[in-house]
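Student: Please take a close look at the empty space inside this model. I would like the enclosed cavities treated in detail, and the open pockets after them.

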Amino acid sequence: MPSYPLTRPRRLRTHGWIRSMVAENVLTPADFIWPVFVIEGEGKREAVASMPGVDRLSIDLLVEAAREAASLGIPALALFPVVTAEFKSEDGREAWRADNLMHRAIAAVKKAVPDIGLVCDVALDPYTTHGHDGLMEGDEIVNDASVDALVKMALAQARAGADVIAPSDMMDGRIAAIRTALEQERFFNTKIMAYSAKYASAFYGPFRDALGNKSALKGDKRTYQMDPANSDEAIREVELDLEEGADMVMVKPGLPYLDIVRRVKDSFGVPTFAYHVSGEYAMVKAAGQLGWLDADRAMAECLMAFKRAGADGILTYAAMDLARKIAGR
Ligand code: PBG
């Protein structure tokens with residue numbers, strides 16, 4: 001490359017038209033998967049205190065929101081049921097009850113808005129009294145019995161109409177077990193988006209608040225979620241999940257782990273998603289409320305960073321807001 005003054009990089013930054021002409025990445029609603037918290041009842045909307053702008057929605061309002069999301073070009077929702085104490089147990093059996101809140105929500109959205117995809121989280125934490133993603137024996141979160149439970153959960157979701165099964169539990173071998181069970185029940189087209197590199201992160205705080213199980217969690221999740229110190233291990237986890245039958249992989253959290261997103265994308269070239277998690281969203285919103293930064297601009301900048309890192313899609317609570325802005329609504 002010739003040097004200054006033959007080359008002046010600022011020539012390509014003088015006006016909006018030229019900046020957009022040379023922009024390497026764009027953010028569109030098709031990049032977003034919108035996570036939504038679902039509650040029992042009708043016409044119910046509850047704000048999540050630690051996530052300004054995020055509401056828990058009853059199924060009827062979820063259906064309306066799904067309709068708007070589809071009209072904005074958001075391809076999929078990720079559903080998270082808020083499970084009340086009476087439905088929680090040691091073994092989380094509510095997770096595979098045919099008529100549970102999650103399954104009713106899936107069926108209702110699929111019926112009313114068939115064109116939006118539904119990504120369904122598979123992990124026992126909303127349903128267990130101890131708040132862990134797997135089953136406990138004493139103080140241990142046991143692997144293989146947990147996988148058996150997760151298979152039941154995934155199959156129940158597929159029967160209810162789930163398009164994408166998204167195991168977020170980090171048990172070993174769960175992708176192969178779920179894939180085999182789906183094939184046996186002839187769910188040939190049910191997709192698996194594996195939370196492959198999911199870290200034991202402090203950034204999940206507001207999410208646990210939204211589900212109401214923050215205080216319930218016994219201990220922490222460090223025996224199954226990954227150590228934030230590790231990067232090579234993420235590559236091994238992704239490789240295993242792909243070998244076991246995952247169609248798509250995910251890295252979580254997002255912003256502090258964009259190095260992992262880039263490594264995964266470059267190493268495997270498979271559809272790679274990243275989760276802009278609750279704490280990342282809350283930080284921007286909180287600083288915005290304090291007047292410390294422009295939250296809208298900061299949020300859009302964060303999401304663009306995921307694209308730059310190589311993500312094919314982003315799970316983000318800001319999806320609707322941003323999609324509305326992009327559409328000029
Ligand atoms: C459940 C699950 C969690 C999140 C998504 N699925 C919480 C956890 O692992 O404790 C967090 C999402 C967020 O913080 O936005 N296993």
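Tutor: What follows goes through the cavities and then the pockets of this predicted model. The count comes to two cavities of 30 Å³ or more. The largest cavity has a volume of about 210 Å³. Its lining is made up of 26 residues, and those closest to its centre are Phe80, Asp121, Asp125, Phe207 and Lys252. Strand 4 (76–81), helix 4 (143–160), strand 9 (191–198) and helix 6 (205–210) are the elements that each give two or more residues to this lining. Strand 4 has the largest share, three residues. Sorted by class, the lining of the largest cavity holds 15 nonpolar, four polar and seven charged residues.

The second largest cavity contains about 70 Å³ of space. Among the residues that line it are Glu40, Pro81, Phe87, Glu94, Asn100 and Tyr127. Seven residues of this lining are nonpolar, two are polar and two are charged.

Turning to the pockets, the largest has a volume of about 320 Å³. It is lined by 19 residues, with Trp34, Arg45, Gly53, Met320 and Arg324 nearest its centre. Helix 2 gives the most to this lining, with four residues. The classes here are eleven nonpolar, one polar and seven charged.

The second largest pocket holds about 160 Å³ of space. Its lining includes Ile141, Asn143, Met170, Met171, Asp172, Glu233 and Glu237. By class, five of the lining residues are nonpolar, three polar and four charged.

Note on methods
Residues numbered from 1 in each chain as written. Predicted model: local features only at pLDDT ≥ 70, side-chain atom pairs only at ≥ 80, totals over all residues. Heavy atoms only, no water. 1 Å grid on protein atoms, 1.4 Å probe; cavity = no way out; pocket = protein on both sides within 12 Å on 5 of 7 lines; lining within 4 Å. Points joined across faces, edges and corners; volume = space filled by probe spheres on them. Nonpolar A, V, L, I, M, F, W, Y, C, P; charged D, E, K, R; others polar.
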